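Colleague: Hi! Could you walk me through this one while I have it open on my screen?

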Amino acid sequence: MTTITTVPRAERPPSLDPRPSPPDARPASRDDRPPAPNALLDAPALDAPAARAPLPQAHPDARGIDHAAATRAVTDLLAALGHDARGPHLAETPRRVADALAELLTPRPFTLTTFPNDEGYDQLVLVRDVPFHSLCEHHLLPFHGVAHIAYLPGERIVGLSKLARVLHHFARDLQVQERLTQQVADLLQDRLAPRGVGVVLQAEHLCMALRGVQVSGSRTVTSALHGALREDARTREEFFALAGLQ
């Protein structure tokens with residue numbers, strides 16, 4: 001994982017933005033959007049004294065995972081597919097599959113740690129090439145890749161590892177890549193109150209590689225932008241360039 005900060009803008013030559021500019025203004029409210037499936041997005045933004053905001057986590061069973069029922073379901077699935085789970089090689093497979101899915105669908109606890117921006121740092125902070133994996137909610141097959149996460153600090157800065165932890169928090173769920181990208185950007189914007197946020201995910205989906213069209217090696221790219229990274233073409237171009245996307 002590489003952490004990148006930028007030099008002052010005055011030292012960089014201006015360049016044309018190769019991407020079309022977004023609309024002049026975003027909607028004043030996101031009330032008409034479907035609610036995010038995670039209560040973290042509804043949490044209040046951090047104020048100055050609240051430098052540490054714990055993200056609520058729980059044991060897998062508290063999320064509604066019934067291990068015994070899941071194990072029985074895998075046994076039934078194997079039988080429906082023509083495999084006898086009573087054989088020596090499959091006897092423990094239903095339990096292992098249930099345990100694996102419970103692990104993949106349970107976020108790990110962490111605390112979103114922020115600090116006062118005492119130096120008044122006002123340039124991009126970017127963590128690029130953060131590995132991640134998640135489960136496609138349409139086929140229950142993995143998709144995996146890397147993320148590039150950036151923000152323009154306001155009054156507070158965030159512990160760098162927390163950018164990756166926010167991504168991994170939302171990735172431990174049944175997901176689509178578009179929603180995962182937006183959830184990471186929304187949480188950082190809502191909880192950190194920066195001047196801008198940019199998130200890009202690049203991932204290979206095994207539901208495309210192993211079945212159906214069977215296109216191996218293709219990657220899907222999604223982005224979510226807030227604030228200056230959405231509204232200012234030069235800042236947006238800087239983010240994409242530093243992330244290695246140009």
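Colleague: Where is His 139 found?

Modeller: His 139 sits in the loop between β4 and β5, the latter being residues 142-152. Keep in mind that this is a predicted model.

Colleague: Is His 139 buried or exposed?

Modeller: His 139 has a relative accessible area of 36%, so it is partly exposed.

Colleague: And what does His 139 touch, leaving out residues up to four places away in sequence?

Modeller: Cys 207 and Arg 211.

Colleague: Which residues does UniProt list with His 139 under "binding site"?

Modeller: The unreviewed UniProt entry lists Cys 136 and Cys 207 along with His 139. These positions are spread over 72 residues of sequence, yet they cluster in space, with a largest C-alpha distance of 7.7 Å.

Colleague: Nice. Where does Cys 136 lie, and is Cys 136 buried or exposed?

Modeller: Cys 136 belongs to strand β4, which covers residues 125-136. Its relative accessible area is 5%, so Cys 136 counts as buried.

Colleague: What does Cys 136 touch, with the same sequence neighbours not counted?

Modeller: Leu 141, Phe 143, Gln 175 and Cys 207, once residues up to four places away in sequence are set aside.

Colleague: Let's switch to rings. How many aromatic pairs are there?

Modeller: The count comes to two aromatic pairs. In one of them, Phe 132 and Phe 143 meet edge-to-face, with 6.3 Å from centre to centre and 75° between the planes. That pair links distant parts of the chain, since Phe 132 is in strand β4 and Phe 143 is in strand β5, 11 residues apart.

Colleague: Are Phe 132 and Phe 143 buried or exposed?

Modeller: Phe 132 is buried at 4% relative accessibility, and Phe 143 is buried at 0%.

Colleague: Why is the pair of Phe 239 and Phe 240 tilted?

Modeller: The ring planes of Phe 239 and Phe 240 are at 35°, so the pair counts as tilted; edge-to-face would need over 60 degrees, and stacked would need under 30. The ring centres of Phe 239 and Phe 240 are 5.4 Å apart. Phe 239 is buried at 0% relative accessibility, and Phe 240 is buried at 3%.

Colleague: Okay, charges next. How many salt bridges are there?

Modeller: Five salt bridges. One of them joins Asp 129 and Arg 128, at 3.2 Å from N to O. Asp 129 is partly exposed at 32% relative accessible area, and Arg 128 is partly exposed at 21%.

Colleague: Which residues do salt bridges with shared partners join into one network?

Modeller: Glu 92, Arg 95 and Asp 99. The closest N and O atoms of Glu 92 and Arg 95 are 2.8 Å apart, while for Asp 99 and Arg 95 the value is 3.2 Å.

Colleague: What separates Asp 99 and Arg 95 along the helix?

Modeller: About one helical turn, because Asp 99 and Arg 95 are four residues apart in helix α2, residues 93-104.

Colleague: And are Glu 92, Arg 95 and Asp 99 buried or exposed?

Modeller: In between: Glu 92 is partly exposed at 37%, Arg 95 is partly exposed at 38%, and Asp 99 is partly exposed at 32%.

Colleague: Last thing: which residues form a nonpolar patch on the surface?

Modeller: Met 208, Val 213 and Val 215, which together have about 230 Å² of accessible area. Val 215 is placed in the loop between α5 (206-209) and β9 (220-227). With a relative accessible area of 33%, Val 215 is partly exposed.

Notes. Residues numbered from 1 in each chain as written. Predicted model: local features only at pLDDT ≥ 70, side-chain atom pairs only at ≥ 80, totals over all residues. Heavy atoms only, no water. UniProt positions renumbered as here; feature names shortened; annotations may be inferred. Helix = DSSP H or I, 4+ residues; strand = E, 2+ residues; numbered from the N terminus. Buried < 20%, exposed > 50% of the residue type's maximum accessible area, 1.4 Å probe, protein only. Contact = heavy atoms within 4.5 Å. Patch = residues over 30% accessible without salt bridge, like charges linked within 9 Å, V, L, I, M, F, W, Y side chains within 5 Å. Areas by Shrake-Rupley, 256 points an atom, 1.4 Å probe, with all protein chains shown as cover. Salt bridge = Lys/Arg side-chain N within 4 Å of Asp/Glu carboxyl O. Phe/Tyr/Trp six-rings, centres within 6.5 Å; stacked < 30°, edge-to-face > 60°.
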